[in-house]
Amino acid sequence: MKPVLLIACLIFALRTDRVSSQKWVNLVNLAVTPPATTRVSWTAAGNDLNVNTVSAADAQKSSEDECDKVMNLSASQRCEFVLSTPDCAAEDGFINYPWITFCLLTPQLLPLGIFLYVLWLLVLFLVLGLIASDFFCPNLSAISSTLRMTHNVAGVTFLALGNGAPDVFSAMAAFSRPQTAGLAIGALFGAGIFVTTVVAGSVALVKPFTVASRPFLRDVIFYMAAVFWTFTILFKRQIELKEALGYLGLYVLYVVTVVVSTYIYNRRRARSFRGPLQNSEFTHDIQTADSCTENLNGAVQVHEEEYEPLIPFTETTSKIFLKAINPVDTRTWRRSHWGWKAVKIIQLPFEVVLLLTVPVVDTDKEDRNWKRPLNCLHLITGPLVCVLTFNSGTYGLYLIKGEFPVWLLTALIGVFLSGIVFCTTTNEHPPRYHFLFSLLGFVVSALWISTVASEVVSVLHLLGVILRLSNTVLGLTLLAWGNSIGDCFADITIARQGYPRMAISACFGGIIFNMLFGVGLGCLLQMFHSGVVMLELEPEGLLCWVLAGALGLSLVLSFVLVPLQCFHLSRAYGIFLLLFYVVFLTIALLTEFGKIHT
């Protein structure tokens, strides 16, 4: 019964991701099929369907009235244009960046505004990494442990979701608007090239090794299929419902292939050795990782035992609460580098808010991270975050019968549940239903990630408007780098510790999930929200094809060159991958600035 309940809650959580429908034109609707002289548009306010007969001139004018035209106007006209243009409305986030830039700031302060936006973008990327690593992934690990999943299934499902959450949520936020769809394409393709060249090349430079042949070929083939599918959709300039579902189906096929191939391989090894499984291509890295984690956890436990009091005592409820919301460990702070301390100071206010709103269940701890006063508070703050962040707070501010707000009803229910839990539990022992807090933490952290990702997309879109850069180039550079740089350092660290196979497996496994779920789930949720069965996609000129061609070429080269080297990744091959990325980035920037054109 417990696994069934968990699966049902997970499906509900994934369905409640926020998307907005704003001005998707020329869509095929299930109920309305307009004639050739009509235009179908989804209005920004209320998501109502309007079918208007317009002339060709009006249609052309309407398509040109976008927010990126604001820089063609004089400084005195920009504020009025921003206020009257629906594309400039802050519908996917909480901050109206165009209004701040063109109405609040003077033209002389525009360079300062750009500098502050770049700093704010870096902070948002830090917050994304913080939520994913300290709140989202631990709850996913607890859910997989509760469901008793094997390492194989957990690695290609929950682990992939945890590692790729920033990329997937950023892509879904970008796909929610036609004006920012180029960000999603640029980010997914750009991150794919960055990971398969820079990250894989860096791993080969740090620790040359021989890659596991069959898992490597399997991952490359599936990723090539995903890229080719996306290329076909961009060429057709539209995606249908069955194609969006096909993305998710392809990932399900990938998961089944991983599980079945590992099972068959281990069975064959068991028969050949007639003993326990040893050193299989897939399980070797998992076992090594587990032993490494166990050693690390053991070292931490021994270190903590040195500071345990000789005489046990029971902490008061207030001390437990204050200790639980303190994000800084004094012993860790004293031993850490100044760079870590600077990042920690930036993250500090956000981490306190997350600690107050997101419950975390840690299966590695004896008490599973049960903090009675804080967990009771989570029953109030967690649901409040859900209703106030979902769809930019639209449903949370809704008045029931015009009088009673939804957020107040949610808070009252949370107070009632919190009182019951507080009166029926103790500080020392977690209740039997403690695993349900991991589901709440999963949903709340997912909505926090979605909210921050929407702000990232909004800032990047504004920077593109101000600097006259396309969304595609912003996606393949800033958004792709911001979402992938953490994985890059993590994989390099893993390689230095002597586990390059694990690092290269993480490279390809993560980007397959990001591509299939980023495009498939993003478009599927937009169709579900808008009530349509087809979405029009407009590739942003030659740059989009340069991006897709470069990613396809890098995968083909890996598919051909790695087997020719007997699956050995040398330092020379690592240098080749890094040079390939430099050449690609140079061509992409030259294309963006018009030096290369058709």
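This text goes from the whole chain to one helix and then to the nonpolar core of a predicted model.

The chain has 598 residues, of which 48% are buried. Its secondary structure comprises 21 helices and 8 strands. About 29000 Å² of the chain is exposed, and carbon and sulfur atoms supply 66% of that area. Contacts often link distant parts of the sequence: taking those between residues at least 6 apart, 77% join residues at least 24 apart.

Helix α8 covers residues 181-206. With 26 residues at 1.5 Å a residue, α8 should span 38 Å, and the 36 Å between its end C-alpha atoms therefore agrees with the expected value. The helix also has a kink of about 30°, centred on V195. Is α8 enclosed by the rest of the structure or exposed? Of its 26 residues, 24 are buried, so α8 is largely enclosed by the rest of the structure.

The next topic is the nonpolar core. In soluble globular proteins, nonpolar side chains tend to be buried together. In this model, the largest nonpolar core contains 141 residues, and those touching the most other members are I239, Y251, M515 and F584. Helix α17, which runs over residues 435-467, gives this core its largest share, 20 residues.

F584 can be followed further. Which residues does F584 touch, leaving aside those up to four places away in sequence? They are I193, L476, V546, L547 and A550. One of these, I193, falls within the residue range of α8, 181-206.

Technical notes
Residues are numbered from 1 along each chain as its sequence is written. This is a predicted model: local features need pLDDT of at least 70, side-chain atom pairs count only at pLDDT 80 or more; totals for chains, interfaces and linings use all residues. Side-chain values use heavy atoms; hydrogens and water are left out. Helices (H or I, at least four residues) and strands (E, at least two) are DSSP runs, numbered from the N terminus. The expected span of a helix is 1.5 Å times one less than its number of residues. The bend at a residue is the angle between axes fitted to the seven residues ending there and the seven starting there. Buried means under 20% relative accessible area, exposed over 50%, partly exposed in between (1.4 Å probe, protein chains only). Contact means heavy atoms within 4.5 Å. Accessible areas come from the Shrake-Rupley method with a 1.4 Å probe; for residues, only the protein chains shown count as cover. A nonpolar core is a set of buried Ala, Val, Leu, Ile, Met, Phe, Trp, Tyr and Cys residues joined through side-chain atoms within 4.5 Å.
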